[in-house]
Amino acid sequence: MCEQSVLQSLFGQMGVTSFANSDMTSDTPRVLIVAEHASAKFGGEAALPLHYFRVLRKRQIEVWLVVHERTRDELKLYFAADFDRICFVADTVQHRLLWKLSRFFPHRLAYFTVGFVSRLVTQFVQRRLIRQMVQQHQITIIHQPTPVSPKEPSLICDLGVPVIMGPMNGGMDYPAAFQCRQGWFVHLTLISGRLFSNWLNALIPGKHRAAALLVANVRTKAALPKGACDRVIELHENGVDLAVWQPSAERGNVQLRHLVESMAPQTARLPLVKFVYVGRLVHWKAVDLLLLAFRRVAEQLPVELEIIGDGARKVDLKRQARALGLLQFGDQLVTSTSSNEPTPLKGSVRFLGWLAQADCARRLQQADVMVLPSLLECGGAVVLESMAMAIPVIATNWGGPTDYLDDTCGILIEPRSQALFIDDLAAAMIRMASSSELRRSMGEAGRQRVLRYFDWDKKAETILEIYRNVLASTLTQHQCLPHQKGTDGAVKQSVKLEH
């Protein structure tokens with residue numbers, strides 16, 4: 001297929017999909033998953049395509065995957081038996097130039113500007129591969145789970161079979177009281193980009209021509225571009241692999257020991273309560289505010305905070321922890337740089353860096369409470385992973401965590417102001433640290449909630465049902481609607497799917 005056809009589709013000159021696969025049936029979907037990355041190491045949305053491929057292959061569904069080659073080694077390790085089902089897009093000169101350029105931008109701005117252009121380059125190359133795979137493997141449906149931004153245009157359209165996009169999750173900004181954490185230039189650029197997105201989505205019409213759009217919540221649905229496909233289905237973005245994220249066999253014994261120790265006389269030594277943060281060390285995660293709140297907890301109770309993750313703010317956060325008298329290297333607590341320490345501390349912070357998924361799960365099994373103070377979290381898979389391990393969660397009442405948590409399994413902190421946020425975060429940690437029974441009951445409620453709603457295996461049933469419904473609907477309308485010949489001789493049809 002010549003690349004001229006790709007350029008034509010950019011400007012809407014190709015018409016709408018013609019369905020070439022005569023053996024397409026709604027009961028036997030043959031799926032092609034298309035994404036920039038599929039990776040557990042990259043974290044965030046990159047894990048979604050990996051999980052869809054994994055759970056569908058587990059069910060013996062005929063599924064293939066097209067991603068960038070950056071994750072080749074990781075995918076070969078995970079999917080050795082199915083590696084021939086994965087097709088990779090090689091790094092281009094354009095990819096390398098855009099990556100170099102991105103280093104001159106703030107992270108969030110880089111993602112939505114040069115990062116967006118880089119993703120379009122990947123999709124441009126993917127189109128030719130997709131056309132070949134649709135014919136070679138008799139693909140009946142294409143699923144593009146990422147990028148999860150509802151505003152970002154997509155080139156994945158007009159490829160011979162229906163395309164489903166999502167679940168998308170976005171349409172959010174910092175809470176009003178924390179807008180100052182985002183520079184004015186970034187703020188204005190993002191506003192301009194959102195206003196520009198309607199025109200850009202008309203020019204690059206993937207979301208207009210999709211067979212269905214999946215959204216994680218009402219907020220994301222409202223953020224879809226004007227003129228987008230009107231078949232919109234709500235489905236949670238994240239899920240949990242219960243084979244990895246499960247409670248330790250000793251967890252019940254640890255909780256019982258904490259309960260007994262908490263009932264002992266006040267003179268007895270209180271049990272150490274371990275808090276854990278997992279995520280990138282970037283500005284919007286608000287780990288700096290977590291350290292300030294944890295300092296207050298450490299003045300009153302024997303506690304420990306483990307910070308798992310890496311990122312641009314790691315050095316600054318270590319410096320802050322040292323200044324607060326919290327930083328721990330090995331078994332040694334580094335004293336504060338302040339000359340007069342008002343209160344001897346009973347707690348400390350450890351930075352563990354990035355950990356592989358299995359190692360991270362082992363650390364979580366030893367934790368008592370998960371804390372995610374993020375102020376700009378659309379998803380928050382770590383919340384679900386903690387809940388799956390019967391660990392209660394403290395998180396910000398803003399964005400993704402509100403889709404997962406309720407007051408039975410965690411505490412949501414209102415982002416009213418920086419001072420109040422630190423106060424409330426400290427109070428929530430003290431409340432958790434002071435009651436092993438509260439931790440036990442919330443942890444168990446969270447696990448039951450995950451088992452009921454967020455198990456990836458159950459999510460596979462839902463996505464398969466969506467595939468079948470979309471295929472059935474598309475086929476019915478394809479058979480019923482009159483066909484007309486386009487100027488290029490291809491069969492064209494106009495398909496409008498209802499809710």
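Visitor: In strand 14, which residues point one way and which the other, and are they buried or exposed?
Guide: In this predicted model, strand 14 covers residues 393-396, and its side chains divide between two directions. Ile394 and Thr396 point one way, while Val393 and Ala395 point the other way, and all of them are buried.

Visitor: Which residue stands opposite Val393, and in which strand?
Guide: Strand 14 and strand 15 run parallel and are joined by four bridges. Across this pairing, the residue that stands opposite Val393 in strand 15 is Gly410.

Visitor: Which residue of strand 14 is the bridge partner of Leu372?
Guide: Strand 13 also runs parallel to strand 14, and three bridges join the two. Leu372 falls within strand 13, which spans residues 369-372, and its bridge partner in strand 14 is Ala395.

Visitor: What unit do strand 13, helix 14 and strand 14 make?
Guide: The two strands are parallel neighbours joined by three bridges, and helix 14 is formed by residues 381-388. Together, strand 13, helix 14 and strand 14 make a right-handed β-α-β unit.

Visitor: Why do strand 12 and strand 15 each have one side without a neighbour in the sheet?
Guide: The open sheet has six strands in the order 12-9-8-13-14-15, with parallel pairing, and its neighbouring strands are turned by 20 degrees against each other on average, direction ignored. Strand 12 (347-353) and strand 15 (410-413) each have a single partner strand, so one side of each is left without a neighbour, and the reason is their place at the edges.

Visitor: At about what angle does helix 16 run to strand 15, and which strands does it lie across?
Guide: Helix 16, made of residues 418-434, lies across strand 8, strand 9, strand 13, strand 14 and strand 15. Helix 11 (residues 287-298) lies across strand 8, strand 9, strand 12 and strand 13, and runs at about 165 degrees to strand 9. For helix 16 and strand 15, the angle is about 170 degrees.

Visitor: What is unusual to look for in the phi of Ala286, and is the residue buried or exposed?
Guide: Ala286 lies in the loop between strand 8 and helix 11, and its phi is positive, at about 60 degrees, although the residue is not a glycine. Its relative accessibility is 0%, and because buried means under 20%, Ala286 counts as buried.

Visitor: Is Gln138, another residue with a positive phi, buried or partly exposed?
Guide: Gln138 is found in the loop between helix 6 (114-137) and strand 4, and its phi is near 55 degrees, a positive value in a residue other than glycine. Its relative accessible area is 36%, and therefore Gln138 is partly exposed.

Visitor: What is the order of the strands in the sheet of seven strands?
Guide: This sheet is open and its pairing is parallel, with a twist that averages 20 degrees from one strand to the next. Its edge strands, each pairing on one side only, are strand 3 (86-89) and strand 7 (232-234). Read across the sheet, the order is 3-2-1-4-5-6-7.

Visitor: Which residue in strand 2 is the bridge partner of Ile33?
Guide: Strand 1 (residues 30-34) and strand 2 (residues 62-68) run parallel, joined by five bridges. Helix 2 (residues 47-58) packs on the sheet, and its direction makes about 160 degrees with that of strand 2. Within strand 2, the bridge partner of Ile33 is Leu65.

Visitor: Where does Pro147 lie, and where is Pro167 found?
Guide: The peptide bond from Thr146 to Pro147 is cis, with omega near 5 degrees, and the bond from Gly166 to Pro167 is also cis, with omega near 10 degrees. Pro147 lies in the loop between strand 4 and strand 5, whereas Pro167 is found in strand 5.

Visitor: Which strand has the lowest confidence in the chain?
Guide: The chain has a mean pLDDT of 83, with 80% of its residues at 70 or more, but the pLDDT is below 50 over residues 483-499 and stays under 50 over residues 1-22. Where pLDDT is low, the predicted coordinates should not be read in detail. Confidence is highest in strand 4, at a mean of 98, and lowest, at 34, in strand 17.

Terms used: Residues numbered from 1 in each chain as written. Heavy atoms only, no water. Pairing = 2+ DSSP bridges. Axes fitted to C-alpha atoms, helices over the stretch in contact; angles between N-to-C directions. Contact = heavy atoms within 4.5 Å. Buried < 20%, exposed > 50% of the residue type's maximum accessible area, 1.4 Å probe, protein only. Right-handed = clockwise from strand over helix to strand, strands pointing away. pLDDT = per-residue confidence, 0-100.
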